[in-house]
Amino acid sequence: MSQRTYNQLWAHVHLELSRLLTEEMPSEPSRPEKDRVVFFQRLAMLYVRYIQIFRQLEKLYDQVIHPQKRRVIRVILDGVMGRVLELKNEMVEKEFSEYHYMDDVLHDLKLTPADLEIPVPRYFISDRSKELQERKTMLTDILKMVEVTESPEPLLAKDMSQEEAIKLIQVVERARQGRLRAKLNEESRNINRMYRTKDPGTAAIELAAVCVQKVWRGYMQRKRAKIARDEEMIFLGMAMDPKYQVPCPAEITAQASEASTRIKQEDYEDDYQKSVVAVTNQLRDVESHDMNKTMKEQIRQWFIECRDATGSFPDYPDAEDGGSALIFAEKDPQQLMEEIAAKEEEDSNNKPKGKEEKKEKGKKDKGKDNEEEEEAGLKMLPSAFLPDLEVGNKTFVDFWQTRNESTNFNQRHEVELIKEEKRKVIEAEIRVQVDEQMRQELAEWKLAVDKDKGGKTKGNAKKKKVSKSGKKKKKEKDFTSDRTLESLCQELVEQGLLKQANNVRLQDYLGDYSYLGTTLRQNDIEPMPSMSDVRQVLSLYAILPLGSQVVHEKAPLIKAILLAGPAGVGKKMLVHAICQETGANLFDLSPLNTSGKYPGKSGLTMMLHMVFKVARLLQPSVIWIEDTEKMFYKKVPKEEKELDPKRLKKDLPKSLKLIKAEDRVLIIGTTKDPQSADIKSLCKMYSKIILIPRPDYGSRYILWKQLIKKQGGELTRALDLSSLAKISDGYTPGHMVQVIQSVVTKRRTLQQANRPLTAAEFVAPLAKIDPVFQEEEEALKNWYAKTPLGKKRVKAATGKEEEEAPVKGKDAKKKRKK
């Protein structure tokens, strides 16, 4: 598409965004909603509409080449991502489930399930491509060094017993003799055939001709019938036309155009950065002197006006309050003096003075409680992203929507915009210098006119500094302050704690949408989530916060996620996919991986300190704990006592508490046997628990189809995928991969032309594997019902939550005291 089309799409996005903002921020506050179902429907509608805006903005940011427009789009894109996460958090709290089914909303908005897919913004990787490449080369170099040090000697031949050697020689010799016998038999058959051939008569020739004709005509007729059947199926819409299965020329040219647009983006960005430096230097050289002069004149004028109005020179505003920026606000000297005095009174009256104030506060609180009791119901939580979205939308409407760009056909940056931005930056820099000079000048004026040495202001400033230093928290001890980041990375790689993530994407985690979710919930049956639901939840909880610093700081903070499910459902793959999509580093703190490393309590402290320090410095980072149930064993098995799996149980939660909103570090635990762990300590560690079940029929069909194709198999009519998906109920994607690799070998792919693949070939190896039985899945569901969110869901389903909800005021206080 052209840049003009993207500009039109941008205008359309802002039109929809402005509608959403007017709904979310009405002039009069909306009344609380008493009906939980109606409130959830409103949340779901907002959630789906924001996802549509998110998808369009991601496309815009990827393809728009104007550098200054891209910066505005980026701010709005981050705001929309954060708002989607906030709505998701509200839906979880109101419905008490990590998974939601919104078939009715999709039907109302005339959307497909594919429109609910959360896109992974491409700028997560593209904006950090150089940094990621450097990090990748550093890791590969360290891994090569480790491999060289571990195996410096050439690989020696294995020691073999005499019996094994004799057996090997016998196998080879028998194979050689078999080949010779086969060759001799073939030669003898050829000789016999030569002696048997006689001179055929005319009758035999005619019979041979008829036989050949019959076979040929039958073959041609079957071929014509197959072509006619395929054409009919294509006409009826029951089969895909082969020409649409291969990318058409228009798609290829569109992809090439998008790639060239990204290259142009980089060039325009480089030009923009150079222009910013040049314009900044020019403004400093040309306008900085005049700015300095005008600021000083305005401040002196303010001194004189304040003295005329109040009879004395004012106190100069502190740098913390903005310095002379307060002076340039549109206020009278008297108002400004009153504001400064009010701030000083607030600082001095921070502490409560006595019982009277407490009583008054208590009365006010009681009044508030009464108001809340009157207006009981469900309300939207305050948003951290709506103000940013409103500012971004206003910027577009006020500036970009009406801007005439007829002369800027190539969509280059605009120098005047850079000047406007940089003037403010330079003005702020100059103001700091001017404030220092004018404070000294004001002190001289006071000394000369008012005979005041200005001791009060200095004393106040000192008091403020003392009070601030008293509030500072203790910093975390740095045990490796004398070491470089490279040396820490090298040690972690050598110990196997820092690993390179496998090259898999989230889209490789195949699975279909759950079409029966809403129907089952309406019949009071809790549906198992589909693989599409799992993909969506992990995009929201892990990928978006790790990819964007703004989103991670303001969105609801998620420090640790637990993936629970049977073996083979793709938990490990999802961890690696999260790392690949966000460019995150992968740290492995699994109990089996850490056993025997860094022994003792001091060693454990050092290991955790190094991992979390490097994870913060090289953020975003993922700390993976495989088989995390071993950390929280109720009773450690005898065979695992030597490994000490519960070693991290106490210290890891302490390190988890140190993760702040600005640290893009996520702990992901995976477990296939959560029942063996202490559920209280496990749920205390992981704030989000995501259940990953075995795939349903739709997901199995897609998995068989795509995995066979990936292995090199051809899908023909002989291969009944529907039956294969039906009989493989209970088998996980890991089982399917194992079966396909055993059947679709290199030799079998060469034979496909004469002997196509059939479903029967996959049944025998599939039968040798034990599936995930219904009892195991039920046990997992029962375990999940004991988690905090599961308990809330059960209470809501039985109606207990609604009974407990209205208890407020005095009764609630009594309960707390008990």
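A cavity here is a set of grid points where a 1.4 Å probe fits but cannot get out. The model shown in these close-ups is predicted.

**View 1. Cavities in the predicted model.** Going by that rule, you get four cavities of 30 Å³ or more. The largest holds about 70 Å³ of space, and the second largest comes in at about 50 Å³.

**View 2. The lining of the largest cavity.** Tyr-47, Lys-88, Met-91, Glu-98, Tyr-99, His-100, Met-102, Asp-533, Gln-536 and Val-537 make up the wall. Two elements, α3 (67–95) and α18, each give two or more residues to this lining, with α18 supplying the largest share, three residues. Sorted by class, the lining has five nonpolar, two polar and three charged residues.

**View 3. The lining of the second largest cavity.** Around this one sit Pro-113, Leu-116, Glu-117, Ile-118, Tyr-513, Ser-532, Asp-533 and Gln-536. The split is four nonpolar, two polar and two charged. Asp-533 and Gln-536 line the largest cavity and turn up again in this lining.

**View 4. The six-stranded sheet.** This open sheet has mixed pairing and runs in the order β1-β3-β4-β5-β2-β6. At its edges are β1 (498–499) and β6 (688–691), each paired on one side only. β6 lines up parallel to β2 (residues 560–564) over four bridges, and Leu-691 in β6 is the bridge partner of Ala-564.

**View 5. Helix α18 on the sheet.** Spanning residues 531–547, α18 packs on the sheet and touches β2, β4 (621–626), β5 (665–671) and β6. The direction of α18 makes about 145° with that of β6.

Key: Residues are numbered from 1 along each chain as its sequence is written. This is a predicted model: local features need pLDDT of at least 70, side-chain atom pairs count only at pLDDT 80 or more; totals for chains, interfaces and linings use all residues. Side-chain values use heavy atoms; hydrogens and water are left out. Two strands pair if DSSP finds at least two bridges between them. Contact means heavy atoms within 4.5 Å. Axes are lines fitted to C-alpha atoms, for helices over the stretch in contact, and angles run from 0 to 180 degrees between N-to-C directions. On a 1 Å grid over the protein atoms alone, a cavity is a set of points where a 1.4 Å probe fits but cannot get out, and a pocket is an open set with protein on both sides within 12 Å along at least five of seven lines; lining residues have an atom within 4 Å of a point. Grid points are joined across faces, edges and corners, and a volume is the space filled by probe spheres set on the points. Ala, Val, Leu, Ile, Met, Phe, Trp, Tyr, Cys and Pro count as nonpolar, Asp, Glu, Lys and Arg as charged, and the others, Gly among them, as polar.
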